[in-house]
Amino acid sequence: AAGVGQEQGRNQDRNQDRNQEQHQEPLLSSTSTPSTARAWVGLGANLGDARATLQQAAREMAALPGTQVAAISSLWKSAPIDAQGPDFFNAVVALDTTLGPLALLQALQAIEHRHGRSRPYVNAPRTLDLDLLLYGAQSVKLPGLQVPHPRMHQRAFVLLPLQEVACDIQIPGFGDVKSLIQTQTVQDQALQRQGPLMEETP
């Protein structure tokens with residue numbers, strides 16, 4: 001009888017252990033949501049109906065998986081730098097996205113491709129240019145991708161639209177946007193605000 005009692009006790013202990021295991025929360029729930037990053041994208045075009053192209057590009061970015069448009073700058077006009085062709089129209093869009101940096105870059109390149117972007121030579125005129133400027137506070141160096149964008153700190157057509165929607169933003173490795181705008185290199189670049197790119201956030 002004592003042996004049976006001991007076995008019953010052991011069975012009860014095993015049942016309690018099973019119940020405890022069944023009620024433990026998993027370390028990573030299958031329903032957990034991916035983390036969201038704030039990414040900043042520079043838009044540019046100097047061929048075709050540039051304003052309409054940039055507007056449509058903003059809509060297409062808003063439709064990317066796990067992505068929402070958080071802010072859109074005004075439309076700005078600038079002369080080409082180290083490039084040829086008509087004046088550029090530029091803007092900056094902030095995205096809240098669950099896409100990683102490389103996946104986001106590939107999505108942006110797909111949008112460029114749909115709008116007829118070609119690269120016949122360096123700094124050629126373009127129907128649409130989408131540059132991943134910043135991805136949170138991360139510094140990223142991968143084949144084909146460098147974040148922060150390696151020339152953004154020298155480009156008025158990036159910094160002024162960026163300051164418009166993120167006046168205190170820090171650019172990793174370069175400093176704050178306000179100070180960068182005051183550098184002589186940026187001050188020497190002519191830039192004209194053209195009014196809102198879009199009346200509403202897409």
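**Close-up views of a predicted model**

**Figure 1. Glu-199 is found in the segment after β10.** The model shown here and in the other views is predicted. Glu-199 counts as exposed, because its relative accessibility is 72% and the cut-off for exposed is over 50%. Look next for Ile-72, which is 127 residues from Glu-199 in sequence. In space, the two are 9.8 Å apart, C-alpha to C-alpha.

**Figure 2. Met-198 also lies in the segment after β10, a strand that spans residues 191-196.** Is Met-198 buried or exposed? Met-198 has 16% relative accessibility, so it counts as buried. The cut-off for buried is under 20%. Which residues does Met-198 contact, leaving aside its neighbours within four places in sequence? They are Gln-55, Ala-58, Arg-59 and Ile-72. Arg-51 makes a useful landmark here. Met-198 and Arg-51 are 147 residues apart along the chain. Their C-alpha atoms are separated by 9.3 Å.

**Figure 3. Helices α2 and α3 pack against each other at an angle of about 140°.** Helix α2 covers residues 50-62, and helix α3 covers residues 101-114. Their axes are 11 Å apart. Why is α2 called oblique to α3? The angle of about 140° falls short of the roughly antiparallel range, because that range takes in angles over 145 degrees. So α2 is oblique to α3. The crossing of these two helices is right-handed. On the α2 side, the contact is made by Ala-57, Glu-60 and Met-61. On the α3 side, Leu-108, Ile-111 and Arg-114 take part. Sorted by class, the contact has four nonpolar residues and two charged residues. It has no polar residues.

**Figure 4. The largest nonpolar core has 31 residues.** Which residues have the most contacts inside this core? They are Val-41, Leu-43, Met-61, Leu-104, Leu-130 and Leu-132. Several elements give two or more residues to the core. The helices among them are α2 and α3. The strands are β1 (37-45), β4 (88-97), β5 (129-135) and β7 (145-147). Now zoom in on Met-61. Not counting residues up to four places away in sequence, Met-61 touches Val-41, Leu-43, Thr-67, Val-93, Leu-95, Leu-108 and Ile-111. A second core, separate from the largest one, has 20 residues. This second core includes Leu-134, Ile-171, Leu-180 and Leu-191.

**Figure 5. A cis peptide bond joins Val-147 and Pro-148.** The omega angle of this bond is about 0°. Val-147 lies in strand β7, whereas Pro-148 is in the loop between β7 and α4. Val-147 counts as buried, because its relative accessibility is 2%. Residues up to four places away in sequence are not counted in the next list. Val-147 touches Leu-132, Leu-133, Leu-134, Tyr-135, Gln-138, Ser-139 and Val-140. Ala-137 gives another reference point. Along the chain, Val-147 and Ala-137 are 10 residues apart. Their C-alpha atoms are separated by 9.3 Å.

**Figure 6. His-153 sits in the loop between β7 and α4.** Helix α4 spans residues 156-165. Is His-153 buried or exposed? Its relative accessible area is 18%, so His-153 is buried. What does His-153 touch, not counting residues up to four places away in sequence? Its contacts are Leu-159, Phe-174, Leu-180 and Val-186. One of these, Leu-180, also belongs to the second nonpolar core.

**Figure 7. Gly-66 is found in the loop between α2 and β2.** Strand β2 spans residues 67-72. Gly-66 counts as partly exposed, because its relative accessibility is 44%. Gly-66 touches Asp-96, Thr-97 and Thr-98, with residues up to four places away in sequence left out. Leu-99 is 33 residues from Gly-66 along the chain. Between the C-alpha atoms of Gly-66 and Leu-99, the separation is 6.8 Å.

**Figure 8. The whole protein chain has six helices and 10 strands.** Step back from the close-ups here. The chain has 202 residues, and buried residues make up 38% of them. Now take the contacts between residues at least 6 apart in sequence. Of these, 69% join residues at least 24 apart.

Technical notes
Residues are numbered from 1 along each chain as its sequence is written. This is a predicted model: local features need pLDDT of at least 70, side-chain atom pairs count only at pLDDT 80 or more; totals for chains, interfaces and linings use all residues. Side-chain values use heavy atoms; hydrogens and water are left out. Axes are lines fitted to C-alpha atoms, for helices over the stretch in contact, and angles run from 0 to 180 degrees between N-to-C directions. Helices (H or I, at least four residues) and strands (E, at least two) are DSSP runs, numbered from the N terminus. Angles under 35 degrees count as roughly parallel, over 145 as roughly antiparallel, 65 to 115 as roughly perpendicular and the rest as oblique. A crossing is left-handed if the near helix is turned anticlockwise from the far one by less than a right angle, and right-handed if clockwise. Contact means heavy atoms within 4.5 Å. Ala, Val, Leu, Ile, Met, Phe, Trp, Tyr, Cys and Pro count as nonpolar, Asp, Glu, Lys and Arg as charged, and the others, Gly among them, as polar. A nonpolar core is a set of buried Ala, Val, Leu, Ile, Met, Phe, Trp, Tyr and Cys residues joined through side-chain atoms within 4.5 Å. Buried means under 20% relative accessible area, exposed over 50%, partly exposed in between (1.4 Å probe, protein chains only).
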